[in-house]
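Here are a few friendly notes to go with the structure you are opening. Take the points in order and keep the view in front of you as you read.

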Amino acid sequence: MIESNVWSGKTSKPIVWTGKVSKNSPPPVEFDGAKLIYFDNGATSQKPVSVMKTLDEYYRTYNSNVHRGIHALSAKATDAYEGARRKVANFVNAADSREIVFTRNATEAINLVAYSWGLSNLKQGDEIVLTVAEHHSAIVPWQFVSQKTGATLKYVGLTKEEIPDIEQLKGLLSNKTKIVVVHHVSNVLGSMLPIEEIVTWSSRVGAKVLVDACQSVPHMPVDVQKLGADFLVASSHKMCGPTGVGFLHGKFEILSSMEPFLGGGEMIADVFQDKSTYAEPPSRFEAGTPAIGEAIGLGAAIDYLSCIGTEQIHEYEKELATYLYESLHSVPNVRIYGPAPSQTDHRAPLCSFNVTNVHPTDIAEILDLQHGVAIRSGHHCAQILHRTLGINASARASLHFYNTKEEVDVFVDALKATIDFLTSQH
């Protein structure tokens, strides 16, 4: 039995995962003694007991600041913190652990690049290429930079299959393009972009590439050296780790050329009355006391995922994603956004959808209150994408390796009952 002290706000009892993690049977979820279908993994994942124990052990047995003491507690905390950095580096196959910068989350990681690299390298007439399917965290920081530098934002639209138009992206690239900001896997459409090709095209015009990998790193093998992107970001809490920590991967020579994002302790080499010199990366970008326990907890989450195997997770989730899509597609009056799965193009294990004449928030609320099914409703931090699709909001079911086909069946049956209930009210 795997327990997780993850609170819902409705009760003082923790969520409990029962069952054994194996290739064919990810553990089902129970809540307060009753079956819970947790299909909101695109927002955050559940946490295994090993992560909770690691956090507890740090705070109970060797709580101390890192890099700043020679006593035993500080040395142990520093070893564990830097060990977590090495685990992240190995997990994404970084060339050097110094290329991993711990941040509060992926949002802060993107802001770090926008402010530290963007403000120093962009000017009037330069162009930033994005897609309309980006998360707000990958758009708003570049709007700030655009307003401050005069650089122009260029957006790639969707194809008729409702995936970002890669040919349009290729056509937008020019010697004016300085950075391309793209997701790896869409948190709404479930589609995956060909990052290696985008990097190749971008490098031909001298443009950098930043990849939002929040929806890929937890679900599939990600090799930053193979992808070739200059920057890649991800969040701990979506990969079975604690909230409050994420990471930026950046090529070391680029990180070394960048100014600090925040000033304070730890990021300096020497401080004088009128100036300071800065530490080498990654310390240069980790001002102040970091989220030590959370970073160590992320390391434990990586151990957990690595023990199962990211390739194994990916293969299972491809099957689960197709089953979710086909099951949901069979429900009358349901409109799923994004491409249909095929033998060559696989969807992520999530579906954003709407039901004719039914508000997605009503669907999510009734599924929760009457059927114990947790999904998300709203714009999923992708308002530009929703406007492009001609809608204001959608419902989203997003799965992880611990979900099952049986849970998909329960969800679909509950959705049918919910639609019947809501449409009978009119």
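What percentage of the contacts in the protein chain with a separation of 6 or more comes from residues 24 or more positions apart?

1. The share is 67%: that part of the contacts with a separation of 6 or more joins residues 24 or more positions apart in the protein chain. Please bear in mind that this is a predicted model.

2. Now for the overall build. The protein chain contains 13 helices and 19 strands. Its C-alpha atoms fill a box of roughly 70 × 55 × 35 Å along the principal axes. Because a compact globule of 426 residues would have a radius of gyration near 22 Å, the 22 Å of the protein chain agrees with that expectation.

3. Next, inside and outside. Of the 426 residues, 54% are buried. The accessible surface is about 18,100 Å², and carbon and sulfur atoms make up 50% of that area. As for charges, the mean positions of the 37 positive and 46 negative ones lie 3 Å apart.

4. Helix α4, residues 140-149, is a nice one to zoom in on. Its buried residues are P141, W142, V145, S146 and T149. They sit on the same side of α4 because they cover an arc of only 140° around the axis. An α-helix has 3.6 residues a turn, so residues three or four places apart point the same way.

5. What covers that buried side? The cover for the buried residues of α4 includes α3 (106-121) and the strands β7 (127-131), β8 (152-156), β9 (177-183) and β10 (208-212). On the other side of α4, Q147 and K148 are exposed. Just after the helix, G150 has a positive phi of about 85°.

How values were computed. Residues are numbered from 1 along each chain as its sequence is written. This is a predicted model: local features need pLDDT of at least 70, side-chain atom pairs count only at pLDDT 80 or more; totals for chains, interfaces and linings use all residues. Side-chain values use heavy atoms; hydrogens and water are left out. Helices (H or I, at least four residues) and strands (E, at least two) are DSSP runs, numbered from the N terminus. The radius of gyration is taken over C-alpha atoms; the globule rule is 2.2 Å times the number of residues to the power 0.38. Buried means under 20% relative accessible area, exposed over 50%, partly exposed in between (1.4 Å probe, protein chains only). Contact means heavy atoms within 4.5 Å. Accessible areas come from the Shrake-Rupley method with a 1.4 Å probe; for residues, only the protein chains shown count as cover. Lys and Arg count as positive and Asp and Glu as negative; His and the chain ends are not counted. The place of a charge is taken as NZ of Lys, CZ of Arg, CG of Asp or CD of Glu. The arc is that of the directions from the helix axis to the C-beta atoms.
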